[in-house]
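Today I am looking up how aromatic rings sit against one another in a protein chain, and I am keeping my notes here as I go.

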Amino acid sequence: MHPSGKILIIDSGRKSRDLVSAFLTYQGYEIVHHENNALIFDTIRNQRVEIVIAELSHLHSIASDFLEQAKTINPLLVLIGYGSQDEKLPHPANSESFFFLPQPLNLDELESLVMRASESQAIRLFDTADGADRHPHILCSSIIGKSAPMQSLFAMIEKIAESTATVLIQGESGTGKELAARAIHQLSDRNARNFVPVNCAAIPDDLLESELFGHVKGSFTGAYANRAGRFELADKGTLFLDEIGDMKPNLQVKILRVLQSKEFEPVGSSKAQKVDARIIAATNKDLEELVVSKDFREDLYYRLSVIPITIPPLRERREDISLLIHNFLTRFNSDRKHTVKGFSRDALDMLCNYNWPGNVRELENLVERMVILKDAGFITPDDLPEKYLTGKVQVAVPALPASDELPEGGICLNSAVDAFENNLIQQALTRTKGNKKEAASLLNLKRTTLIEKLKKKNLVFSEE
Ligand SMILES: Nc1ncnc2c1ncn2[C@@H]1O[C@H](COP(=O)(O)OP(=O)(O)OP(=O)(O)O)[C@@H](O)[C@H]1O
Ligand SMILES: [Mg+2]
């Protein structure tokens, strides 16, 4: 679920380093080691390290200008320290390059922070890279997605932006249809002209025609002057016909005519007006079904869907969820000057397993609500509204090093004990190929006790 950036953990000679290293390796990150402190910056450069984890108190022993030097190479720093962020972080650490984690170390919080840092690094690399080398997780600084369907969508959008063919975007509510339409316009050579959206479902039927085509003075009560319609406003630009599935049949004929002849008549006029607008239509209805039920004209459907695009629902591209969360979190934190650090791992797992009927819009609204309600710290399952807590979640079980020494900086006992227990449970289940009765017997537990534990911990063991 996270990008594969390399992580360097600076050796402070403490046991906690081994713990952090083992934990992150288990989570799938690639950990880079360094020989000695004098070579740290060479290692970061040569091995293309993207994230550095260091103990705040240890930085000065490496280099007095460590933070300044680190900035020039551009890795992100996750700093583990004591006390509160404001008190302890030296300038320029209060910048976007730094993520701060207080002691005692909580592994869930560490993972959440590292995940946020690596998502943020992915976006930063995209922002700073030039043309050919850009990072593909964001398009037009607005559409975010790293899943295979979103990556194909990006490629498709870039390709069709070059043409003027009519595009039909379909997808459930909140999947980003309007964002995609705007991106096509932005990437096209029409981008210096207007992008004109019309929501066909929001404008009353009797007003929609004049809204689209304009009217001449006196053509109906209230038409006190000539007025340009949206087609005219979109001349040489792009007209976005949103919720086209809601358009009444009499208007469907008129739209068909503009598509065929590239001209229209304003209401009350018999003089045809030429227009050169690229048309992008969108709907969350199944237009083919509407064609079958005769609620949508077949000829218009074919005219509109010269290039059909379907944006998949969020539940079919779950890899995008954590990247979207990170991005929304950064945006809402900065809008509201809050410092919510991230979602705890179990909260994030729940969100990744939720069905998202309202798609990205629902996710965006949830993150905004969470940032408003919680102005700092981590969001845990206790903070989430009830409906997001349903469903079992797949929890990665951390492997801990076999050491019973208390790290110098201390440790969060509960999460360490929990991780230790989860680890043994997982080993038992792996060895017995998922047979809970045999696993319980290896752990000297009753089968029902093991099942109860799995339930309580929200652990799902995938039997391969
Ligand atoms: N891939 C994405 N990356 C970032 N933000 C997104 C993405 N997809 C959707 N959003 C955000 O989600 C919200 C809904 O997106 P948009 O309005 O484009 O969806 P829609 O498909 O047109 O929805 P509806 O059918 O309800 O009109 C917007 O605030 C948009 O910025
Ligand atoms: Mg929309």
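I began with a cluster in this predicted model, where Phe213, Phe231 and Phe264 together make up one aromatic cluster.

Next I looked up how many aromatic pairs there are, and the count comes to eight. I took one of them, Phe231 with Phe264, and asked myself why this pair is called tilted. The ring centres of Phe231 and Phe264 are 6.0 Å apart and their planes stand at 35°; the pair is therefore tilted, because only planes under 30 degrees apart count as stacked and only those over 60 as edge-to-face.

I then looked up where these two residues lie along the chain, and found Phe231 in helix H10, which covers residues 230–233, and Phe264 in strand S11, which covers residues 263–264. With their positions 33 residues apart, the pair links distant parts of the chain. Are they buried or exposed? Phe231 and Phe264 are both buried.

My next entry concerns Trp356 and Tyr388, an aromatic pair that is also tilted, with 5.4 Å from centre to centre and 40° between the planes. Trp356 is in the loop between helix H15 (345–353) and helix H16 (359–373), while Tyr388 is in the loop between strand S16 (376–379) and helix H17 (413–431). This pair, too, links distant parts of the chain, its residues being 32 apart.

I checked accessibility as well: Trp356 has a relative accessible area of 0% and is buried, and Tyr388, at 2%, counts as buried because the limit is under 20%.

Last, I looked up a charge over a ring, and noted that Arg331 lies over the face of Phe332, 5.1 Å from the ring centre.

Note on methods
Residues numbered from 1 in each chain as written. Chains lettered and ligands numbered in written order. Predicted model: local features only at pLDDT ≥ 70, side-chain atom pairs only at ≥ 80, totals over all residues. Heavy atoms only, no water. Phe/Tyr/Trp six-rings, centres within 6.5 Å; stacked < 30°, edge-to-face > 60°. Helix = DSSP H or I, 4+ residues; strand = E, 2+ residues; numbered from the N terminus. Buried < 20%, exposed > 50% of the residue type's maximum accessible area, 1.4 Å probe, protein only. Lys NZ or Arg CZ within 6 Å of the ring centre and 35° of its normal.
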